[in-house]
Amino acid sequence: MRRRKASAGGRAAHRMRKEPARDRTLAALVERVKELTCLHGIARVAGQHDEPVPVILQKVVGLLPPAWQYPEIAHARIVLDGGTYVTSGFAPMDTTQSADIVVRGHTRGQVEVAYSEPRPAADEGPFLKEERALIDSVAREVAALVVRRTTEEERARLQEQVRHADRLATIGQLSAGVAHELNEPLATMLGFAQLCRKHPGLPVSVVADLDKIIAANLHAREIVKKLMLFVRERPPMREKIGLQQIVDEGLPFVEARAAKTDVRIRRRIEPNLPAVHGDPHQLVQVLVNLAVNAIQAMPAGGALTVEAFAENDSVVLAVEDQGVGMTRQAAERVFEPFFTTKEAGVGTGLGLSVVHGIVTSHGGTVRVESEPGKGSRFEVRLPAAPPATPVPGPP
Ligand code: ADP
Ligand code: MG
């Protein structure tokens with residue numbers, strides 16, 4: 001357009017002299033309108049918050065060819081994070097104008113416009129400097145879209161995390177309340193059942209029944225104890241302790257159980273790990289609970305790997321198995337009290353709630369990665385204790 005020849009025909013000479021200038025202004029205006037239409041279209045498309053990014057990019061790419069000087073031979077492509085969005089007829093050619101999509105300092109893709117036929121040279125091959133400015137702003141718009149989306153997703157994820165933590169805390173408080181109420185009557189029942197059993201001359205069948213009452217009572221007390229651990233009311237002990245020691249103390253509790261079902265225990269403990277501030281008994285319990293679950297997940301045997309390593313300012317304890325694994329839906333619920341997929345008597349659904357309660361009270365986090373049939377990996381992240389500062393000696 002900008003290169004359109006003046007065709008003033010048989011007009012007066014003075015008008016012929018003015019014509020090219022007016023034409024150029026007009027052509028420039030037409031180009032400017034095309035650019036603005038394109039940018040406005042992109043802004044409108046990018047504002048469609050409920051559309052997924054690929055759909056938006058496919059719409060954006062369609063807006064590009066009409067904004068270029070030769071729309072009939074212009075084709076466009078956007079490449080972002082390995083995804084490709086093209087208009088029909090796009091093929092990478094010599095005559096291509098392109099701009100990088102740079103998100104937070106990293107090049108994540110390109111915006112390209114190509115002409116499928118040769119055209120006379122202009123500012124940048126056949127392209128105009130205005131088109132350079134336009135393609136650069138399109139790349140910036142796409143980058144801004146990516147940043148916005150990432151921020152939105154991050155916010156949604158954090159909200160979900162908070163909701164999850166809230167739910168756990170509420171259930172936990174409720175359960176702890178119930179546990180306290182049950183503790184008394186259970187103790188009374190156990191005491192009287194044991195008293196009755198000591199009574200001389202009881203028929204054997206009554207003794208057997210009393211034993212059942214006592215066993216059931218002990219099981220109930222075990223649940224109550226775990227519930228009270230889940231929401232601890234007094235602050236736990238805090239001492240400097242190494243994960244090596246936790247692993248050394250914890251694994252013997254499960255070795256016999258592991259051997260019974262052909263589970264091999266592998267240890268990968270990084271030497272010279274930073275210490276953590278914590279309650280050794282509770283941390284041992286975390287390891288034991290995770291290890292017992294891992295063993296139960298491998299009824300036909302397999303490897304149970306216990307790892308400890310440092311990562312940034314944290315120390316990580318990982319327990320990995322090659323067992324039955326779990327679905328995503330199950331993985332989202334494992335830390336809820338009473339969530340269990342095991343038979344009554346085998347599972348209480350409290351092991352991982354206790355793990356979660358202990359780890360959280362230590363300022364740490366716990367998460368799970370799992371795939372059905374492949375196994376599971378639980379990672380506990382605890383803040384590393386700062387190294388001891390040497391006490392200055394007397395002057
Ligand atoms: P419980 O072991 O008493 O069922 P937990 O809180 O320890 O309770 O675990 C809850 C549930 O999480 C289990 O019933 C099981 O479905 C799932 N789970 C926990 N650990 C694993 C694991 N290592 N592999 C597969 N599933 C697991
Ligand atoms: Mg368990």
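**Cavity, cores and local backbone features**

The structure holds one cavity of 30 Å³ or more. Its coordinates come from a predicted model. The volume of this largest cavity is about 30 Å³. Ile 42, Ala 46, Ile 56, Leu 57, Val 60, Glu 141, Val 142 and Leu 145 form the lining of the largest cavity. Helix H1 (13–46), helix H2 (53–63) and helix H3 (129–198) are the elements that each give two or more residues to this lining. By class, the lining residues of the largest cavity comprise seven nonpolar, no polar and one charged.

The secondary structure of the protein consists of nine helices and eleven strands. The protein has 395 residues, of which 39% count as buried. The exposed area of the protein is about 22600 Å², and 58% of it is supplied by carbon and sulfur atoms. When contacts between residues at least 6 apart in sequence are considered, 67% of them join residues at least 24 apart.

In soluble globular proteins, nonpolar side chains tend to be buried together. In the present model, the largest nonpolar core has 45 residues. Leu 287, Leu 290, Leu 304 and Val 380 are those with the most contacts inside this core. Helix H7 (residues 280–296) contributes ten residues, the largest share of the core. With residues up to four places away in sequence not counted, Leu 290 touches Val 319, Leu 352, Val 355, Phe 378 and Val 380. Apart from the largest core lies another, of 34 residues; Leu 57, Ile 73, Val 113 and Leu 134 are among them. Leu 57 is also one of the residues that line the largest cavity.

Two of the residues touched by Leu 290, namely Leu 352 and Val 355, belong to helix H9. Helix H9 (residues 351–361) is mostly covered, with nine of its eleven residues buried. The buried residues of H9 are Gly 351, Leu 352, Ser 353, Val 354, Val 355, His 356, Gly 357, Ile 358 and Val 359. Just after H9, a positive phi of about 75 degrees occurs at Gly 363.

Positive phi values also occur in residues other than glycine, as at Asp 81 and Asn 312. Asp 81 lies in the loop between strand E1 (74–80) and strand E2 (83–86), and its phi is about 45 degrees. Asp 81 has a relative accessible area of 48% and is therefore partly exposed, since the class of exposed residues begins over 50%. The C-alpha atoms of Asp 81 and Thr 107 are 9.2 Å apart in space, while the two residues are 26 residues apart in sequence.

Asn 312 is placed in the loop between strand E8 (302–311) and strand E9 (314–320), and its phi is near 50 degrees. Asn 312 counts as exposed because its relative accessibility is 76%, which is over 50%.

Definitions and conventions. Residues are numbered from 1 along each chain as its sequence is written. Chains are lettered from A and ligands numbered from 1 in the order in which they are written. This is a predicted model: local features need pLDDT of at least 70, side-chain atom pairs count only at pLDDT 80 or more; totals for chains, interfaces and linings use all residues. Side-chain values use heavy atoms; hydrogens and water are left out. On a 1 Å grid over the protein atoms alone, a cavity is a set of points where a 1.4 Å probe fits but cannot get out, and a pocket is an open set with protein on both sides within 12 Å along at least five of seven lines; lining residues have an atom within 4 Å of a point. Grid points are joined across faces, edges and corners, and a volume is the space filled by probe spheres set on the points. Helices (H or I, at least four residues) and strands (E, at least two) are DSSP runs, numbered from the N terminus. Ala, Val, Leu, Ile, Met, Phe, Trp, Tyr, Cys and Pro count as nonpolar, Asp, Glu, Lys and Arg as charged, and the others, Gly among them, as polar. A nonpolar core is a set of buried Ala, Val, Leu, Ile, Met, Phe, Trp, Tyr and Cys residues joined through side-chain atoms within 4.5 Å. Buried means under 20% relative accessible area, exposed over 50%, partly exposed in between (1.4 Å probe, protein chains only). Contact means heavy atoms within 4.5 Å. Accessible areas come from the Shrake-Rupley method with a 1.4 Å probe; for residues, only the protein chains shown count as cover.
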